[in-house]
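Subject: Structure handover

Hello,

Here is the structure we talked about. Please open it alongside this note, and then read on for what turned up.

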Amino acid sequence: MNTSQNHKNLSKSNAALPESLFNLPEKVLQFGTGVLLRGLPDYFINKANQQGIFNGRIVVVKSTDGGDAEAFERQDNLYTICERGIQQGNVFEKNTISSAISRVLSAKTEWDAILECAKNPDLQIITSNTTEVGIQLVQDDIKQSPPISFPGKVLAFLHARFKAFEGSKEHGMVVVPTELITDNGKKLEGIIFELAHRNALESEFIDWLESSVTFCNSLVDRIVPGKPSAEIKANIETELGYQDDLLIVSEVYRLWAIEGNQKVKNVLSFHQADEGVIIEPNIDLYRELKLRLLNGTHTLSCGLAFLAGFKTVKEAMQNEVMSAFVSNLMLAEIGLGIPYKVDDKVAQRFGMQVLDRFRNQNLDHQWLSITVQYTSKMRMRNIPTLLQYHKIYQCVPEYIAFGFAAYLLFMKAVKEENGKYYGIHAGEYYQIQDDKAEYFFTKWANLSSDELVTSVLSDKNLWETDLTSITGFAESVATFLNLMIEKTVKASLKSYLNKGELVEYSRA
């Protein structure tokens, strides 16, 4: 979207260019340029700005160069959010040009400019989405330009702010990470304090960090797939009357639950613009429902759906067999094993909403993109549910076991090139984007399928527990994995839903 070229075209669309918002002060430092951030937190901030509530823009920190960085510069940091779905039984479509982002800075080449932002008295908030492996403690020197890790970068920025305002408590910050891990704010806070001690930072700074910086746990829930297909993008751009290389499509449903008090509410004033922003002292219920029913179902279905030949979630939900698997997995097993006190009716109602969201025909949510960091997602999203289900019912949740078997098969790399690992499906290679790809490459090369199941499930380094101690689980996973190898995944899925055929295979 080149703004100079497209001003004259905007009158043809139902998206308006928010020129009056370009000069608002920068109030947010955001680590990450991904579609989830742009489609949810940035969406709320832009909406609040349009209503004259928050009146602040976002400085984005990009950890890597290239990619969409050039598109942001080319488009004056503007991009279109295209909401598509069903709202209160009616088809809902809305296109909004977001001006929430003021500029995008590279951590690699513009670290000094990022630290300069610490001197801005208007800046009050730090947000992030660095994937689920971003919030980890690694040895880091905050004097580096830039520090290696995401927590190291945040600490360096906060230290620069402390020095810029000479420890003024009025210039503290609210930090709201959106990474999908439990207690993301508290975990980031713990790492920040540990790094501060390891870097031998002054006690006055640590006191300021404790008294003036608030770390909030948060939960984001909105399906914002990656870049839409060329066909969908072309159709929308024809409707809009301009080209947008940063255009994103999202569902209508939106939730950003933030754990905070009245002080946090005052700083995050954009919450007044949309009921999808919830700020409460405890957000555990929202987290568990979303993490288990939506994300957990995605994780237990992604490898299976991909290997069964479905590219997108909506395509899978149009298939009677795959749709039945997803529904039964979510409602009959995951919903009954949530490791948190949830009313059954609340879980069922939320689950039905999620299924409707999965069926949204306007979203091209790629199963392959959901498999990124498959192992860590499986551990965080599904292992607690598996353990709780078995504890309550003393039996194997077979849909979970089936999805786990598909995960193991998806992780079967058949070649390595330049440190990247690839599986093969339908004669085509696919990249396994997982920190444990090398681990599985070695396992599959040296073990039989039965041996692999036992070895992987008993690995406490992966799961923080021995999954072979769950009576019957390893046997079920092995049976399903062998069925998939013998009959192909798509055929085994049909066999699984036809239990008679499955029993016959198991006895063979």
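Which residue in β14 is the bridge partner of Glu-417? Lys-420 is. Before the rest, one caution: this is a predicted model.

**The sheet**

That bridge belongs to a pair of antiparallel strands, β13 and β14 (residues 420–425), joined by three bridges. The full sheet is open and has three strands, in the order β13-β14-β15, with antiparallel pairing. β13 (415–417) and β15 (428–431) each have a single partner strand, so one side of each lacks a neighbour in the sheet. From one strand to the next, the twist averages 40°.

**The cores**

The largest nonpolar core holds 84 residues. The members that touch the most others are Phe-325, Phe-358, Phe-404, Leu-408 and Phe-473. Helix α18 (residues 398–410) supplies the largest share of this core, eleven residues. There is also a second, separate core of 39 residues. Among its members are Ala-107, Ile-142, Leu-188 and Ile-206.

Leu-408 deserves a look on screen. Setting aside residues up to four places away in sequence, Leu-408 touches Phe-440, Trp-444, Leu-452, Val-453, Val-456, Leu-457, Val-477 and Leu-481.

**Helix α17**

Which residues of α17 (residues 383–393) are buried? They are Ile-383, Thr-385, Leu-386, Tyr-389 and His-390. These residues lie on the same side of α17, because they cover an arc of only 160° around the axis. The elements that cover them include α11, α13 (320–334), α16 (374–381), α18, α21 (460–463) and α22. After α17 comes Gln-394, with a positive phi near 55°.

**Buried polar and charged residues**

Arg-287 sits in helix α11 (residues 284–307). Is Arg-287 buried or exposed? Its relative accessible area is 12%, so Arg-287 counts as buried. Not counting residues up to four places away in sequence, Arg-287 touches Thr-182, Asp-183 and Leu-219. Ser-218 is 69 residues from Arg-287 in sequence, yet their C-alpha atoms are 8.2 Å apart.

Ser-476 is part of helix α22 (residues 473–487). Its relative accessibility is 14%, so Ser-476 is buried too. Beyond its neighbours within four places in sequence, Ser-476 contacts Val-396 and Ala-401.

Ser-492 is in helix α23 (residues 489–497). With a relative accessible area of 0%, Ser-492 is buried. Leaving out residues up to four places away in sequence, Ser-492 touches Phe-402, Leu-483, Met-484 and Lys-487.

**Cysteines**

How many disulfides does a search of the whole structure find? Zero. A disulfide is a covalent bond between the sulfur atoms of two cysteines. Two cysteines to look at are Cys-82 and Cys-216. Cys-82 is buried, at 0% relative accessible area. Cys-216 is buried as well, at 1% relative accessibility.

**Where to start**

I would begin with Leu-408, using its contact list as a guide. Then turn to α17 and its buried residues. Finish at Glu-417 and its bridge partner Lys-420.

Best wishes

Definitions and conventions: Residues numbered from 1 in each chain as written. Predicted model: local features only at pLDDT ≥ 70, side-chain atom pairs only at ≥ 80, totals over all residues. Heavy atoms only, no water. Core = buried A, V, L, I, M, F, W, Y, C linked by side-chain atoms within 4.5 Å. Buried < 20%, exposed > 50% of the residue type's maximum accessible area, 1.4 Å probe, protein only. Helix = DSSP H or I, 4+ residues; strand = E, 2+ residues; numbered from the N terminus. Contact = heavy atoms within 4.5 Å. Pairing = 2+ DSSP bridges. Axes fitted to C-alpha atoms, helices over the stretch in contact; angles between N-to-C directions. Disulfide = S-S within 2.5 Å. Arc of directions from axis to C-beta.
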